[in-house]
Amino acid sequence: MAHVRLFRHYIHLPFVILGLIDLIVMGLAFALAVFFRFFGELEFFLDNLVFVLPSITIFALFNLIVMIALGVHQSRVEEGMSGMMLRTIMAMILAIPLHGFAYFVADDWLWYLGSFGLLTSATVLGIFSLGIARVVFFAVVGKDRFKRRVLVLGAGRRAKQMFEDLTTPFNRKGFSLDGFVPMPDDTVEVDEQYLINLPTSLHDYVLRHPVREIVVAVDDRRRGLPMEDLLECKMEGVHIIDGANFYERESRKVALEMITRGWLVFSDGFTVSSVYGVGKRALDVLASGTLLLATFPIMILTAIAIKLEDGLKAPVIYSQERVGLNNQVFKVHKFRSMITDAEKNGAVWARKNDTRVTRVGEFIRKVRIDELPQIFNVLNGTMAFVGPRPERPVFVEQLSEKIPFYAERHRVKPGLTGWAQLCFAYADNEEDTREKLRYDLYYIKNQSLLLDLLIIIQTVEVVLFKKGSR
């Protein structure tokens with residue numbers, strides 16, 4: 001298996017293993033730093049290990065949480081080892097104040113976290129140790145140890161789209177592709193070099209090649225599938241999976257062009273328990289309350305800056321109608337980042353280098369400060385902390401007519417942050433909105449408190465590295 005599914009959310013298995021390795025390496029680095037600074041004798045250290053263990057655990061855990069927040073593990077795919085290590089260094093430096101805070105709260109339980117010199121040496125040792133461990137790890141993973149060999153049944157429109165979307169370096173992490181088996185009488189749209197013309201049957205091919213999964217991505221199942229052949233493969237231990245489910249698992253988004261209302265009805269997910277509802281609301285209040293306390297001084301300074309640029313009579317807050325849960329219209333609040341008559345000619349998409357944006361507005365948009373008043377929308381219950389981005393009624397009406405299943409994103413409360421905001425840049429046209437909907441549907445289908453927590457943690461990366469802001 002190349003993926004682990006926790007509470008319906010797919011996590012790439014090598015990243016899970018790498019996270020556990022990082023946790024152990026950082027714990028050992030801290031233990032080694034404590035040993036040389038305070039003990040020096042192995043027997044003496046082991047006798048007192050029970051007193052050191054809480055500090056070791058918190059040091060490793062806090063560093064891992066900050067690394068997850070900064071997208072350290074995923075950055076290996078886009079930025080390489082050097083980018084990954086730079087983010088690791090930043091994460092471990094940012095975690096030092098958290099260790100100090102933990103010591104302040106727990107005092108005697110975390111006595112060893114109270115030494116700044118020890119934290120510094122443990123951090124430096126941890127960075128070097130992580131570098132070595134990761135080089136070894138990726139040397140092993142790079143040999144396709146965690147990848148499944150996949151064969152695709154079908155070579156038409158669906159198969160071609162799946163190939164184009166999933167064989168980018170970012171997405172193609174969990175599988176290696178053998179090729180595509182065209183169905184009789186089907187229009188072939190996949191490039192000929194990727195086609196496999198079976199001399200006998202699927203079962204014979206599987207016996208000769210170590211294929212672990214067959215993806216069914218035919219355009220029209222009414223023409224029939226080789227069910228006996230697929231059953232023989234299934235009995236050999238080969239996993240048979242629908243193309244839409246495979247696409248969802250590998251890309252962590254829903255394939256709009258591959259799904260039907262029947263797929264939505266019969267696929268797993270789209271279930272919400274009352275326990276989850278209570279837990280999500282508690283998480284909303286806790287997260288938004290914490291964010292309000294942390295950013296209140298920034299909000300005051302932002303209001304002053306807007307007044308200084310546009311005059312004392314200029315409004316600071318801009319309220320705008322958005323569509324929320326069950327298509328109910330509500331007012332969303334933001335710091336005003338445009339000139340006061342920005343939409344005198346009607347609503348238009350925000351765009352790059354928008355001339356309507358003020359100088360203060362340009363800055364607060366880049367660092368997401370303009371979104372902070374939406375905290376009050378979360379507290380009053382019109383929004384959640386995590387959910388799809390709320391859109392304006394005029395745009396919702398237009399997009400619902402053009403994009404299938406667009407209205408389904410209003411089955412949950414809109415959010416201050418969300419899965420689509422993490423995974424895709426700002427949408428300023430219909431095609432971008434279609435792509436973001438794929439991620440929104442994935443969130444709605446697989447929502448859980450774990451996924452909400454992951455999104456909240458990784459939103460830190462979005463803020464720090466200015467992903468998606470406009």
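A good way into this structure is its UniProt record, an unreviewed entry, which places the feature "transmembrane region" at residues 12–39, 51–72, 84–106, 118–141 and 285–306. Keep in mind as you look that this is a predicted model. Two of those stretches can be set beside the coordinates. Over residues 51–72 the chain is 91% helix and 0% strand, with the end C-alpha atoms 30 Å apart. Over residues 285–306 the chain is 100% helix and 0% strand, and here the end C-alpha atoms lie 28 Å apart.

Let us stay with helix H3, which covers residues 49–69. Its 21 residues, at 1.5 Å a residue, should span 30 Å, and the end C-alpha atoms are indeed 30 Å apart, so expectation and model agree. If you follow the side chains of H3, you will find buried residues that include Val52, Ile56, Phe59, Leu64 and Met67. Ser55 and Asn63 are also among the buried residues of H3. Just after H3 comes glycine 71, whose phi is positive, at about 65°.

Now turn to the aromatic rings. The structure holds 12 aromatic pairs. One of them joins phenylalanine 39 and phenylalanine 44, with 5.1 Å from centre to centre and 65° between the planes, an edge-to-face arrangement. How accessible are the two partners? Phenylalanine 39 has a relative accessible area of 15% and is therefore buried, the cut-off being under 20%. Phenylalanine 44, at 42% relative accessibility, counts as partly exposed.

Phenylalanine 39 also pairs with tyrosine 112: the ring centres are 6.5 Å apart and the planes stand at 35°, so this pair is tilted. The pair links distant parts of the chain, because phenylalanine 39 belongs to helix H1 (residues 13–39) while tyrosine 112 sits in the loop between helix H4 (72–106) and helix H5 (116–141), 73 residues apart. Tyrosine 112 is buried, with a relative accessible area of 11%. Step back a little and you will see ring pairs linking Phe35, Phe36, Phe38, Phe39, Phe44, Phe45 and Tyr112 into a cluster.

Finally, have a look at how two helices pack. Helix H6 (residues 157–166) and helix H9 (residues 243–251) meet at an angle of about 5°, and their axes are 11 Å apart. H6 and H9 are therefore roughly parallel to each other. To find the contact on screen, select Met162, Asp165 and Leu166 in H6, which meet Gly243, Phe246, Tyr247, Glu250 and Ser251 in H9.

Definitions and conventions:
Residues are numbered from 1 along each chain as its sequence is written. This is a predicted model: local features need pLDDT of at least 70, side-chain atom pairs count only at pLDDT 80 or more; totals for chains, interfaces and linings use all residues. Side-chain values use heavy atoms; hydrogens and water are left out. Rings of Phe, Tyr and Trp (its six-membered ring) pair if their centres lie within 6.5 Å; planes under 30 degrees apart count as stacked, over 60 as edge-to-face and the rest as tilted. Buried means under 20% relative accessible area, exposed over 50%, partly exposed in between (1.4 Å probe, protein chains only). Helices (H or I, at least four residues) and strands (E, at least two) are DSSP runs, numbered from the N terminus. The expected span of a helix is 1.5 Å times one less than its number of residues. UniProt positions are given in the numbering used here, feature names are shortened, and annotations may be inferred rather than shown by experiment. Axes are lines fitted to C-alpha atoms, for helices over the stretch in contact, and angles run from 0 to 180 degrees between N-to-C directions. Angles under 35 degrees count as roughly parallel, over 145 as roughly antiparallel, 65 to 115 as roughly perpendicular and the rest as oblique. Contact means heavy atoms within 4.5 Å.
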